[in-house]
Amino acid sequence: MDKKTALITGATSGIGKATAILFAENGINLILCGRRKDRLDTLQRELSEKVKVHYLSFDVRNKEAVFNAINSIPSEFKNIDILINNAGNAHGLAPIDQGEIDDWDAMMDINVKGLLYVSKAIIPGMVARKKGHIINIGSTAGKEVYPGGNVYCASKHAVDAINQGMRLDLHAKGIKVGAINPGLVETEFSKVRFKGDTEKADKVYQGYTPLTPEDIAEIIYFTISRPAHVNIADLIVMPSDQASSTIVNKTE
Ligand code: NDP
Ligand code: 8X3
């Protein structure tokens, strides 16, 4: 049987990187995306021992760069079976009256518009082949809103709506669409949110057991390896110590 090909955005770190590693272990050829070329290069070298790996270094905010990168994919990788729309981050945790407009722009441009640009470049091929699976990485922040989460939560609520919209428009065209919505996962996410303040970032994951990127990768792999008639449409996963965005059973 031909190996499948997956394109993963945000493959340089956290959930995207863990997913790339697990996919490679399971024989899925990869197109790895992200801005940090050195990391893409290293990951390509490591995973090429198991599967075919191509990488694309671009900023999902840059519409032209997205289309140029995806149009440049070599023919042996062109038939993308699986798209993991994962690139994204929070920028800041300020109350709405104190938020930075640049942070708002970054979150809407990366988490929402970037996801749309990448999807727009890839979906037509899936429609033509009448086959494909799109996993949108949402968040519990797309299901509820927490203090200071304002625009990040808005961006993930948009991902929730886009996920539903994609499924409505694509299910009859042979394309499965689903979202995985994690709670607290220990990645570089909080380091980015707090602009490199590692002390603040580390605190987010202390006093309880957070999810690991590998936990989410396993769920993503489970989702894409279901039989053709099964589509996991929308899944929320939290650490056992978490009940909602603001209720976490911390020891300190
Ligand atoms: P990380 O910060 O570890 O990874 C984020 C990834 O997104 C990196 O690979 C980064 O690559 C990529 N990325 C960010 N901005 C851009 C950009 N402008 N262009 C291209 N790629 C970009 O965080 P996570 O792994 O935690 O985050 C992955 C997804 O999971 C995000 O959508 C996040 O919102 C979501 N999520 C995370 C949770 C958590 O608690 N960690 C919980 C719920 C959802 P590079 O910098 O190299 O471009
Ligand atoms: C990441 C989870 O709770 O930090 O989407 O928003 S949270």
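Here is a friendly exchange about the pocket, cavity, cores and one loop residue of a predicted model.

Biologist: Let's begin with the open space. Which element gives the largest share of the lining of the largest pocket?

Modeller: The largest pocket has a volume of about 1000 Å³. Helix H1 (14-25), strand E2 (29-34), helix H5 (150-170) and helix H6 (189-193) are the elements that give two or more residues to its lining. The largest share, four residues, comes from H6.

Biologist: Thanks! Which residues lie nearest the centre of the largest pocket?

Modeller: The lining divides into 20 nonpolar, 20 polar and seven charged residues. Of the 47 lining residues, those nearest the centre are Gly-88, Asn-89, Tyr-152, Thr-187 and Phe-189.

Biologist: Now to enclosed space. What is the volume of the largest cavity?

Modeller: The count comes to one cavity of 30 Å³ or more. Its lining includes His-91, Glu-100, Asp-103, Trp-104 and Asn-150, and the lining residues divide into four nonpolar, five polar and two charged. Helix H4 (residues 101-129) supplies the largest share of that lining, three residues. The volume of the largest cavity is about 50 Å³.

Biologist: Which element gives the most to the largest nonpolar core?

Modeller: That core has 30 residues, and Leu-7, Leu-56, Val-118 and Ile-134 touch the most other members. E2, helix H3 (63-71), H4, H5 and strand E6 (175-182) each supply at least two of its residues. With nine residues, the element that gives the most is H4.

Biologist: How many residues are in the second, separate core?

Modeller: Happy to add that one. Ala-6, Leu-47, Val-53 and Tyr-55 are among its members. The size of this second core is 27 residues.

Biologist: Let's look at Leu-56 up close. Leaving aside neighbours within four places in sequence, which residues is Leu-56 in contact with?

Modeller: Leu-56 is one of the residues that touch the most other members of the largest nonpolar core. Once its neighbours within four places in sequence are left aside, its contacts are Leu-7, Ile-31, Leu-32, Cys-33, Gly-34, Leu-40, Ala-69, Ile-70, Ser-72 and Ile-73.

Biologist: One last residue: is His-229 buried or exposed?

Modeller: His-229 sits in the loop between helix H8 (213-224) and strand E7 (234-237). From Thr-19 it is 210 residues away in sequence and 23 Å away in space, C-alpha to C-alpha. A residue counts as exposed when its relative accessible area is over 50%. His-229 has 70% relative accessibility, so it counts as exposed.

Methods:
Residues numbered from 1 in each chain as written. Chains lettered and ligands numbered in written order. Predicted model: local features only at pLDDT ≥ 70, side-chain atom pairs only at ≥ 80, totals over all residues. Heavy atoms only, no water. 1 Å grid on protein atoms, 1.4 Å probe; cavity = no way out; pocket = protein on both sides within 12 Å on 5 of 7 lines; lining within 4 Å. Points joined across faces, edges and corners; volume = space filled by probe spheres on them. Nonpolar A, V, L, I, M, F, W, Y, C, P; charged D, E, K, R; others polar. Buried < 20%, exposed > 50% of the residue type's maximum accessible area, 1.4 Å probe, protein only. Core = buried A, V, L, I, M, F, W, Y, C linked by side-chain atoms within 4.5 Å. Contact = heavy atoms within 4.5 Å.
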